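The following paragraphs lead the reader through one protein chain, from its overall composition to individual residues. The sequence and the coordinates are best kept in view throughout.

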Amino acid sequence: PFFVDLRRPELLLNNTISLYLVTEPDVTVGIWHTVPGSSGSEAWGKDQRWYEEALGDSHPVIIYLHGNGGTRAARHRIQFLKTMGAADFHILALDYRGYGDSSGHPTESGFTTDVLALYDWAKARSGNSSILLWGHSLGTGIATNVARKLQEERGVQVDAVVLESPYTNIREAAAHIPITKGSAGRGGSAHGIYRQFPGFGYLILDSLALGNMFFRSDENVKVLACPLLILHAEDDDVLPPHLGRKLFETARSAYKDKSKVKFITFPKKLGLGHDYISFNPELPVLVK
């Protein structure tokens, strides 16, 4: 939706406000905060301060890390906010630097910095509520980067990590993106995880153009110990489910407590593909 005013999420969503967070000098990122559906009537007309205080209401908080194209207002992301908000989660959905109305230029380390800053901001306000990192597509690599950094540099374990339509690392993902897709693909939308990476165009499929972007989820999961849930649709034609399964096997073999790693696939007949797992009404139950 090109004409969405990101400062006015209420035109698209209930119980949601837009806020801005300085994640490092010269970088400000835009965030939507959706509060649990059960506080919906109370949320009407409230300001950012009320929303911040609501984070301490003991409902779990999801930090939602979206995939490559577009902004936090994309249709399947709005559906995610609706589905999980109705299931009584708080959701903080950010546009990384260089995306949406966020300033700055996209880099892997910059994305990680943005999400760490949001995690700290949420943690300072959420009391004893659990905080989950939820990545979709490109965002799965950011989620594991952040979880690993928290663990290795601060000794902090995030409460859970959910990886929706993930990959093992960006090189392997690029190798699987069907080169024939692109602007002729689905309904004219540029397709693939970085078909729309700002400024890179198709060169991104050349590993040189990836520069220093790695998003090594396969390495990251080996050092995690928090609950890890991997979700993949069998009909994902962007990142095939065998990448999700491979990531699951890697994590499972490294985890001491195997019961903390789960892999859930969604059958082809549901037609969820790469982007639409959030349209499955069972999702909140599976996550809980």
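How many helices and how many strands are there in the protein chain? The chain, shown here as a predicted model, contains nine helices and eight strands. It has 288 residues, of which 54% count as buried. Among contacts with a separation of 6 or more, 71% join residues 24 or more positions apart. About 12,300 Å² of the protein chain is exposed, and carbon and sulfur atoms supply 53% of that area.

The sheet comes next. Eight strands form an open sheet with mixed pairing, in the order 1-2-4-3-5-6-7-8. Its edges are strand 1 (16-24) and strand 8 (261-266), each of which pairs on one side only. On average, and with direction ignored, neighbouring strands of this sheet are turned by 20° against each other. In general, the strands of a sheet pair through backbone hydrogen bonds, in either a parallel or an antiparallel manner.

Both senses of pairing can be located here. Strand 1 and strand 2 are antiparallel partners over eight bridges, and Thr-16 has Thr-34 in strand 2 as its bridge partner. The hairpin that these two strands make has two residues between the strands, and Asp-26 takes a positive phi near 75° there. Strand 3 and strand 5, in contrast, pair in the parallel sense over five bridges. The bridge partner of Tyr-64 is Trp-134, in strand 5.

Helices pack against this sheet. Helix 3 (residues 75-86) touches strand 2 (27-34), strand 3, strand 4 (90-94) and strand 5, and its direction makes about 160° with that of strand 4. Helix 8 (residues 241-254) lies across strand 6, strand 7 (228-233) and strand 8, and runs at about 165° to strand 8.

One residue of helix 8 merits a separate look. Ala-251 has its place in that helix, and it counts as buried because its relative accessibility is 0%, where the cut-off for burial is under 20%. Outside its neighbours within four places in sequence, Ala-251 is in contact with Val-221, Leu-228 and Val-261. Ala-251 and Asp-218 are 33 residues apart in sequence, while their C-alpha atoms are 7.6 Å apart in space.

The nonpolar interior can now be considered. Nonpolar side chains tend to be buried together in soluble globular proteins. The largest nonpolar core of this model has 56 residues, and those with the most contacts inside it are Ile-63, Val-115, Leu-133, Val-161 and Leu-228. Helix 4 (residues 108-123) gives the most to this core, with seven residues. A second, separate core has 26 residues, including Trp-32, Phe-89, Trp-134 and Leu-272. With neighbours within four places in sequence left aside, Ile-63 is in contact with Leu-92, Val-115, Leu-118, Tyr-119, Ile-131, Leu-132, Leu-133 and Trp-134.

How much of helix 4 is buried? Of its 16 residues, 12 are buried, so that the helix is mostly covered. The buried residues of helix 4 include Val-115, Leu-118 and Tyr-119, each of which is also a contact of Ile-63. Polar residues occur in the buried set too, among them Glu-108, Thr-112 and Asp-114. From its first C-alpha to its last, helix 4 reaches 23 Å, close to the 22 Å expected at 1.5 Å a residue.

Helix 5 (residues 138-154) permits a similar check of length. Its 17 residues should span 24 Å at 1.5 Å a residue, and its end C-alpha atoms are 24 Å apart, which agrees. Leu-138, Gly-139, Thr-140, Gly-141, Ile-142, Ala-143, Thr-144, Asn-145, Val-146, Ala-147 and Leu-150 are buried in helix 5. The cover over these buried residues includes strand 3 (61-65), helix 4, strand 5 (131-136), strand 6 (160-164), helix 6 (170-176) and helix 7 (217-220). Just after helix 5, Gly-155 takes a positive phi of about 65°.

A last stop is the loop between strand 8 and helix 9 (283-287), where Asp-275 is found. Is Asp-275 buried or exposed? Asp-275 counts as buried because its relative accessibility is 15%, the cut-off again being under 20%. Apart from residues up to four places away in sequence, Asp-275 touches His-76, His-136 and Glu-164.

Notes: Residues numbered from 1 in each chain as written. Predicted model: local features only at pLDDT ≥ 70, side-chain atom pairs only at ≥ 80, totals over all residues. Heavy atoms only, no water. Helix = DSSP H or I, 4+ residues; strand = E, 2+ residues; numbered from the N terminus. Buried < 20%, exposed > 50% of the residue type's maximum accessible area, 1.4 Å probe, protein only. Contact = heavy atoms within 4.5 Å. Areas by Shrake-Rupley, 256 points an atom, 1.4 Å probe, with all protein chains shown as cover. Core = buried A, V, L, I, M, F, W, Y, C linked by side-chain atoms within 4.5 Å. Expected span 1.5 Å × (residues − 1). Pairing = 2+ DSSP bridges. Axes fitted to C-alpha atoms, helices over the stretch in contact; angles between N-to-C directions.
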